[in-house]
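Work through these exercises with the model open beside you. Try each task before reading its solution.

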Amino acid sequence: MSKGDKAAGGVARLGSSVKSLVKMALQSRRCGVKAVAREDEALVVMGNGPSLRQTIDTERDELKRHRLLAVNFAANAPEFDELRPDFYVLADPVFFRDMDNENVKLLWRNLGSVTDWDMTLLVPADAVVPVELPATVRVERFNAVGVEGFAGLERWAFRKGLGMPRPRNVLIPSIMMGMALGFKRIYVVGADHSWSRTLEVTDENVVVSVQPHFYEDNAAEHARVASVYKDVRLHEIMYSFYVAFKSYFAIRSYADACGVRIFNSTPGSFIDAFERRGLGK
């Protein structure tokens with residue numbers, strides 16, 4: 001790398017650092033996620049990708065041996081009551097602002113009525129939980145504020161819980177919360193991230209992005225996703241992929257500094273930041 005490139009990189013990091021400091025000053029709140037993991041415990045973060053069906057079917061007993069973290073619409077799947085996750089992360093604003101959506105209403109209904117075990121629900125600091133939850137569900141908050149810049153600033157912000165790598169999708173805050181909860185071994189399943197295989201552009205220049213899950217999405221969810229992507233261009237979608245995969249490398253760097261090992265146990269996953277290892281190994 002030439003001196004000019006190094007200088008340009010330094011200027012870019014300085015700009016990102018200043019921007020991140022401003023965002024934290026304006027958006028971050030005091031949050032109290034505390035370490036609860038025992039030394040010998042591992043956490044399994046369950047993304048909702050299609051491969052989770054295979055993992056549940058073939059490694060159900062192994063899943064049940066670990067502390068589990070579920071995300072998004074997992075509570076609407078039949079396996080929710082069977083697997084009984086210890087932690088649950090919601091990050092997308094749709095879960096707090098779109099109560100007219102039938103799937104969102106069902107999600108909150110299930111979280112309120114099905115969850116008769118102790119579970120921690122982790123939501124963004126500014127989110128308003130729209131229903132009254134049972135006493136078995138404890139609500140904790142995190143700052144979904146994207147932080148980039150100098151490595152020292154990033155690690156300080158992550159350690160203080162003031163921000164995280166840019167949270168392009170729910171898996172990013174989920175892994176960060178796993179570390180905040182004190183887990184030193186984190187396995188990631190159901191994180192296919194093979195979205196690029198499903199991209200299409202119609203003859204009308206409409207970008208179609210299919211993001212399948214381990215459960216079958218109903219017509220209402222297909223309609224919601226189609227409306228979200230209606231005016232999104234291909235370069236914007238590709239950029240969002242870039243942001244997500246870059247964030248995983250920021251997580252990997254922070255995990256290495258904290259002595260945390262993150263294993264990608266998802267068959268065929270496109271995530272290239274984490275060591276590949278079978279679940280529980």
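Two strands pair if DSSP finds at least two bridges between them. Helices (H or I, at least four residues) and strands (E, at least two) are DSSP runs, numbered from the N terminus. This is a predicted model: local features need pLDDT of at least 70, side-chain atom pairs count only at pLDDT 80 or more, and totals for chains, interfaces and linings use all residues. Residues are numbered from 1 along each chain as its sequence is written, and side-chain values use heavy atoms, with hydrogens and water left out.

**Exercise 1. Lay out the open sheet and find its edges.**

Step 1. Strands of a sheet pair through backbone hydrogen bonds, either parallel or antiparallel.

Step 2. Read the order of the eight strands: S5-S4-S3-S2-S1-S6-S9-S10, with parallel pairing.

Step 3. S5 and S10 (275–276) are the edge strands, each with a single partner, so one side of each has no neighbour in the sheet.

Step 4. Check one edge. Strand S9 (residues 261–264) runs parallel to S10, and two bridges join them. Here Asn 264 stands opposite Arg 276.

**Exercise 2. Describe strand S1 and its two partners.**

Step 1. In a regular strand the side chains alternate between the two faces of the sheet.

Step 2. Apply this to S1 (residues 43–46). Leu 43 and Val 45 point one way, Val 44 and Met 46 the other, and all are buried (buried is under 20% relative accessible area, exposed over 50%, partly exposed in between; 1.4 Å probe, protein chains only).

Step 3. Take the first partner. S1 pairs with S2 (residues 67–71) in the parallel sense over three bridges. Leu 43 faces Arg 67 in this pair.

Step 4. Take the second partner. S1 and S6 (residues 185–189) are parallel too, over four bridges. Met 46 stands opposite Val 189.

Step 5. Trace the connection. S1, helix H2 (residues 51–64) and S2 form a right-handed β-α-β unit. Right-handed means that, with the strands pointing away from the viewer, the path from the first strand over the helix to the second runs clockwise.

**Exercise 3. Which parts of the chain do the salt bridges of Glu 79 and Asp 86 link?**

Step 1. Set the rule: a side-chain nitrogen of Lys or Arg within 4 Å of a carboxyl oxygen of Asp or Glu. The count comes to 18 salt bridges.

Step 2. Glu 79 bridges to Arg 53, with the closest N and O atoms 2.8 Å apart. Glu 79 is in helix H3 (residues 79–83) and Arg 53 in H2, 26 residues apart. Glu 79 counts as buried because its relative accessibility is 12%. Arg 53, at 25%, counts as partly exposed.

Step 3. Asp 86 meets Arg 67 in a salt bridge (3.3 Å, N to O). Asp 86 lies in the loop between H3 and strand S3 (87–89) and Arg 67 in S2, so the pair ties together parts 19 residues apart in sequence.

**Exercise 4. What classes of residue line the second largest pocket?**

Step 1. Sort the residues. Ala, Val, Leu, Ile, Met, Phe, Trp, Tyr, Cys and Pro count as nonpolar, Asp, Glu, Lys and Arg as charged, and the others, Gly among them, as polar.

Step 2. Count the lining: 14 nonpolar, five polar and six charged residues.

Step 3. Find the main contributor. Helix H7 gives the largest share of this lining, four residues.
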